[in-house]
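Please look over the sequence and the model below. The text that follows starts with one residue, turns to the two chains, and ends with a strand.

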There are 2 protein chains.
Amino acid sequence: MTVTDFATRTYDHNFRLDPIVRSLLDTDFYKLLMLQMIRQLHPEVNATFSLINRTRTVRLGEIIDEGELRAQLDHARSLRFTKKELIWLAGNSFYGRARMFGPEFIAWLSAFQLPDYELRRADGQYELHFDGPWTQTMMWEIPALTIINELKSRAAMRDKGRFALDVLYARAKAHLWEKVERLRLLPDLVISDFGTRRRHSFLWQRWCVEALKEGLGDRFIGTSNVLLAMDADLEAIGTNAHELPMVAAALAEDDAALAHAPYQVLEEWRQHYNGNLLIALPDAFGTTAFLAQAPDWVADWTGFRPDSAPPIEGGEQIIRWWKEKGRDPREKLLIFSDGMDVDTIEDTYRHFHGRVRMSFGWGTNLTNDFRGCDPDGGNGLDPISLVCKVTSANGRPAVKLSDNPLKATGDPAEIARYRRVFGTDVQEARPVQV
Amino acid sequence: MTVTDFATRTYDHNFRLDPIVRSLLDTDFYKLLMLQMIRQLHPEVNATFSLINRTRTVRLGEIIDEGELRAQLDHARSLRFTKKELIWLAGNSFYGRARMFGPEFIAWLSAFQLPDYELRRADGQYELHFDGPWTQTMMWEIPALTIINELKSRAAMRDKGRFALDVLYARAKAHLWEKVERLRLLPDLVISDFGTRRRHSFLWQRWCVEALKEGLGDRFIGTSNVLLAMDADLEAIGTNAHELPMVAAALAEDDAALAHAPYQVLEEWRQHYNGNLLIALPDAFGTTAFLAQAPDWVADWTGFRPDSAPPIEGGEQIIRWWKEKGRDPREKLLIFSDGMDVDTIEDTYRHFHGRVRMSFGWGTNLTNDFRGCDPDGGNGLDPISLVCKVTSANGRPAVKLSDNPLKATGDPAEIARYRRVFGTDVQEARPVQV
């Protein structure tokens, strides 16, 4: 016997679209932390963020309908922070600290709206730029990525039958649970979800996060996704990202200022957050150069998030540096977040266990791993290496070198200049998976 | 084609019970406001709350299974305020005022648990008592009532077919929407949901509240249910209740103190909330006596909530009194909340329109009106006049007289004494519907 809920069914028929982003909190926590600081210290800076698809073989301009993309971007622009969300941001404790976000910032957020975008199709790809005040454009990074990634997923599943879809998700669930069972064997594991930007879809990310909560218990410390953290009473995880040193470097007046930019950013961060949240990204312009030039006080920070070096090699390099500075690595923290999956998590965990505190930020391979799950075969659901990076600040080009030259972004002449200033050695290229 | 969500289906099979109360915020807002004051001013007082079924013809002890009742009460005792709920209570504004609940109170709430209960069956009814510190027992009022009312609804629907249930709710929805259409014709209407305690079920109350939000727009100002207010970004509505004067009266050392008790309570309230939330209940021991003996400053309060007199008669009496005190009723507020339905709302609205500010608290006839909806006929879904009242304080009997002698509660000898002290005339009895 079938009973139909006519009202819901008919209401659903009238859906203009099924929104991918339904809340401005559906973003990474570090965006909010950075935004608060940028608003206070650099409110006048303009920054352009641009979509970069490193997986050029996937022709997004042919896969994703432009009308659908515009409808989703426009819907995201229609969102505002709700009263309940702002109350939670103001009242929740983050990293054990109350009132992380000040009342004046919360009041400003209450009127926040994502700014306009520029979209055009060229050479089978989308060119998508967000130009305007840094305090506005930086908030597009995550929604732009989640929208495109989920539209790509939807396109890949458009012609599938209902049972094929049922089996697809059944396999993906089983696949994830196998990973959970392996991770359970690591007793001191500390892991969090960093998979918002590359997720298969919002609902799938939610499933993954709740599965880790049930499956990993205390080993699972939270999620970078602010909305999921609020809804599931989990910790919101994250601190800062490459855009801070990239903008500081772009605005540097000369080579000396450029060389100093990565440390100036850390100093601003430490002051703004009163000595909390002291996790540094070492790799914006190469970890080796960063450590070699770092002032001694950088070794007082809680830890590093190496984001493009191979985890064991990058971790060893940082541990050597701490020891040179007379610090005990067992009191320090390394956060591994670059393309991690169960194999690399296990290897890294076993390699460093007892020698340094470790935490893992699990991203793409948590929330978008459908390898071998599609009953129809094909690779339409494979994740791609899509980023949304700051490309200029106050009209000056922004550059990232990274520890992997394939992850470098920016104008080639400027990249050459940065390599000279930072003395960045020729680096070993490693395929960028995700 | 049917696709089954096996996990959900099987998880549901393992349900120990379908909880009626799932959150400690699923209560009336005034309980929290009163609790905060009681905790500060009267933390040592013990108070017994007891269930009173004024509709004796409905033999709850035969309708509701004792095991199910205990399971639901026990489940409510297992609840704690969640982090998100406490953050919302601390951070939300109520009646335009921030920080209505102080940090020390919020910290205390974080460990709050409903205290134990005494339950036994006698004469086809349940005797249900909550004995202990007032700061604990008072929080049982609403969950105890919602649990019993919903178990009664479930019992009445246990043997119905699926289509009969579908038609039952279809009629109830149509019935409510007719009321919405009539209320829309009153342009200055101000109305809120007061129906938590007598609701048919939690999910039905939620439907009703969301229907009013869509159907009445700005005329619908909010709900007394704190959980629904939070979830739907509505205002939480309410101030105080009869338990305050009843406990003060029970603790009065002599007749003079008894006569003063209703005003002492108002003075405590005004001080505790810094002159906000100045709505007085005039009828605990009879409105006529209350107004006759009231100090002049009572006329400075924002308004009254007449809760047992007929609305027009009770409103006229208060308006006359305001005029005698030299106040302009058009600057004053009357909140009508005793058994209101569309007919009485319309009559009262038209009678007083332009002469006094009005607000309606719509309760039982909003959230539990299934008259004429049951395809099988019968009156099993009719609401009953069930209350949970304070019956003693520090071992001394508590009494309510009300403006309707059928709503009086307490020991007959004490009732006689109160009538003498308050000079309460012989009142006209009116049938208590709900």
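In this predicted model, a good place to begin is A:His242, where an unreviewed UniProt entry places the feature "modified residue: Phosphohistidine". A:His242 sits in a loop of chain A, with strand E6 (235–236) on one side and helix H12 (243–251) on the other.

Is A:His242 buried or exposed? Its relative accessibility is 3%. Buried means under 20%, so A:His242 counts as buried. Apart from neighbours within four places in sequence, the residues in contact with A:His242 are A:Leu281, A:Asp283, A:Ala284, A:Asp307, A:Lys389 and A:Lys400.

Next come the two chains. Two copies of a chain are related by a rotation about an axis and a shift along it. Here, a turn of 180° and a shift of 0.0 Å along the axis lay chain B on chain A, with an RMSD of 0.0 Å. The two copies are therefore related as by a two-fold rotation axis. Both copies use the same surface: 100% of the contact residues of chain B recur in chain A.

The last stop is a strand in chain B. Strand E1, residues 46–53 of chain B, has 8 residues, and 6 of them are buried, so E1(B) is largely enclosed by the rest of the structure. Which strands pair with E1(B)? One is strand E3 (residues 125–133) of chain B, which pairs with E1(B) in the antiparallel sense over 5 bridges. Another is strand E11 (residues 386–393) of chain B, also antiparallel to E1(B), over 7 bridges. B:Thr48 has a partner in each: B:Asp131 is its bridge partner in E3(B), and B:Ser392 stands opposite B:Thr48 in E11(B).

Technical notes
Residues numbered from 1 in each chain as written. Chains lettered and ligands numbered in written order. Predicted model: local features only at pLDDT ≥ 70, side-chain atom pairs only at ≥ 80, totals over all residues. Heavy atoms only, no water. UniProt positions renumbered as here; feature names shortened; annotations may be inferred. Helix = DSSP H or I, 4+ residues; strand = E, 2+ residues; numbered from the N terminus. Buried < 20%, exposed > 50% of the residue type's maximum accessible area, 1.4 Å probe, protein only. Contact = heavy atoms within 4.5 Å. Least-squares fit on C-alpha atoms with pLDDT ≥ 70 in both. Pairing = 2+ DSSP bridges.
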